[in-house]
Amino acid sequence: MDVLYFAWVRERIGLPKEKVDTQAATVNDLVAELSAREDRYAAAFSDLSALRVALDQELSDFDASLIGVREVAFFPPMTGG
Amino acid sequence: MRVAVQEEAFDLGAEANAFAAGDDANGAIVTFTGVVRDLASGDLDVMEIEHYPGMTERALTKIAQEAKDRWSLGDVLVIHRHGRLAAGDRIMMVATAAPHRKDAFEAAEYLMDYLKSRAPFWKKEVTNTGAEWVAAKDEDEDALTRW
């Protein structure tokens, strides 16, 4: 699946987008998998209350299922307007 | 209903005039424009606005549609810019047209409240001392509870 990062999450991880081969069942599982990879991921995901997640471009939750999901995005709370 | 996500500047007068020229049944037109504010310290060089192409358009369209479902509106316009902006630049505008002003005012406020914390934009302030992401405010999230 495609995993996208925005704003300071993108800066901390160091890339805007990557393809991830994963069997993760939920967003939380994917976060645990990515965090175990390298410190920069662990740092970005250290406080999930400071993050939001979108699945296929719809806001979702960290305990949501990833079945059938093609695009996951992680970002801080939005600051539009 | 029109939603536009764009890097280029928009002409507030031209947009408002074109929007108001729509339908004579609308006795009330409300427009709101957001402007890049200079910081208290007065040293803002650039405001960088990042967004999530694809999701941004979907989120704005959904918010605009929800406003149309909730109030008696003739039309809705949302324009939001991204990229590098300077103090004084117009970031975004919303316009609502309705037979009566209460619907137009309330719907414009609703659009602004949702656009601030449910549309995937992120602002970064670049000053002569560094760059910092603008943090979301609790009061912006709290503002949604009134709807």
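1. A residue is called buried here if 20 or more other C-beta atoms lie within 10 Å of its own, exposed if 12 or fewer do, and partly exposed in between. By that count, 27% of the 81 residues of chain A are buried, and in chain B buried residues make up 33% of 147. The reader should keep in mind from the start that this is a predicted model.

2. On confidence, the predictor gives the complex an ipTM of 0.95 together with a pTM of 0.94. For chain B the mean pLDDT is 94, and 97% of the residues of that chain reach 70 or more.

3. Chain A contains three helices and five strands, and following its sequence one meets them in the pattern β-α-β-α-α-β-β-β. Its radius of gyration is 12 Å, close to the 12 Å that the globule rule gives for 81 residues, so chain A is as compact as a globular protein of that length. Along the principal axes, the C-alpha atoms of chain A fill a box of roughly 30 × 30 × 20 Å. Of the contacts in chain A with a separation of 6 or more, 54% are accounted for by residues 24 or more positions apart.

4. Chain B has four helices and eight strands, arranged along the sequence as β-α-β-β-α-β-β-β-α-β-β-α. The radius of gyration of chain B is 16 Å, close to the 15 Å expected from the globule rule for 147 residues, and therefore this chain too is as compact as a globular protein of its length. The box filled by the C-alpha atoms of chain B, taken along the principal axes, is roughly 50 × 35 × 30 Å. Among contacts in chain B between residues at least 6 apart in sequence, 77% join residues at least 24 apart.

5. Helix α2 of chain A, which runs over residues 27-35, is a good place to look at burial, and its buried residues are A:V27, A:L30, A:V31 and A:L34. Seen down the axis of α2(A), these buried residues fall within an arc of 100 degrees, so they line one face of the helix. The general background is that an α-helix has 3.6 residues a turn, so residues three or four places apart point the same way. As for partners, the buried residues of α2(A) pack against α3 (39-44), β3 (52-55) and β5 (71-75) of chain A.

6. Two residues in the loop between β3 and β4 (58-60) of chain A deserve a check of their backbone angles. One of them, A:D56, sits in that loop and has a phi near 45 degrees, a positive value in a residue other than glycine. The other, A:Q57, also belongs to the loop between β3 and β4, and its phi is positive at about 70 degrees although A:Q57 is not a glycine. A:D56 has 16 other C-beta atoms within 10 Å and is partly exposed, while A:Q57, with 19, is likewise partly exposed.

7. Where the chains meet, 13 residues of chain A are in contact with 21 residues of chain B. On the side of chain A that touches chain B, the elements giving two or more residues are α1 (7-13) and β5. By class, that side of chain A has nine nonpolar, four polar and no charged residues.

8. The largest nonpolar core has 53 residues, of which A:F6, B:I63, B:V78 and B:L111 touch the most other members. Leaving aside neighbours within four places in sequence, B:V78 is in contact with B:V3, B:L60, B:A64, B:V94 and B:L111.

Methods: Residues are numbered from 1 along each chain as its sequence is written. Chains are lettered from A and ligands numbered from 1 in the order in which they are written. This is a predicted model: local features need pLDDT of at least 70, side-chain atom pairs count only at pLDDT 80 or more; totals for chains, interfaces and linings use all residues. The arc is that of the directions from the helix axis to the C-beta atoms. Two residues are in contact if their C-beta atoms, placed from the backbone, lie within 7 Å. Ala, Val, Leu, Ile, Met, Phe, Trp, Tyr, Cys and Pro count as nonpolar, Asp, Glu, Lys and Arg as charged, and the others, Gly among them, as polar. pLDDT is the predictor's confidence in each residue, from 0 to 100. A nonpolar core is a set of buried Ala, Val, Leu, Ile, Met, Phe, Trp, Tyr and Cys residues joined through C-beta atoms within 7 Å. The radius of gyration is taken over C-alpha atoms; the globule rule is 2.2 Å times the number of residues to the power 0.38.
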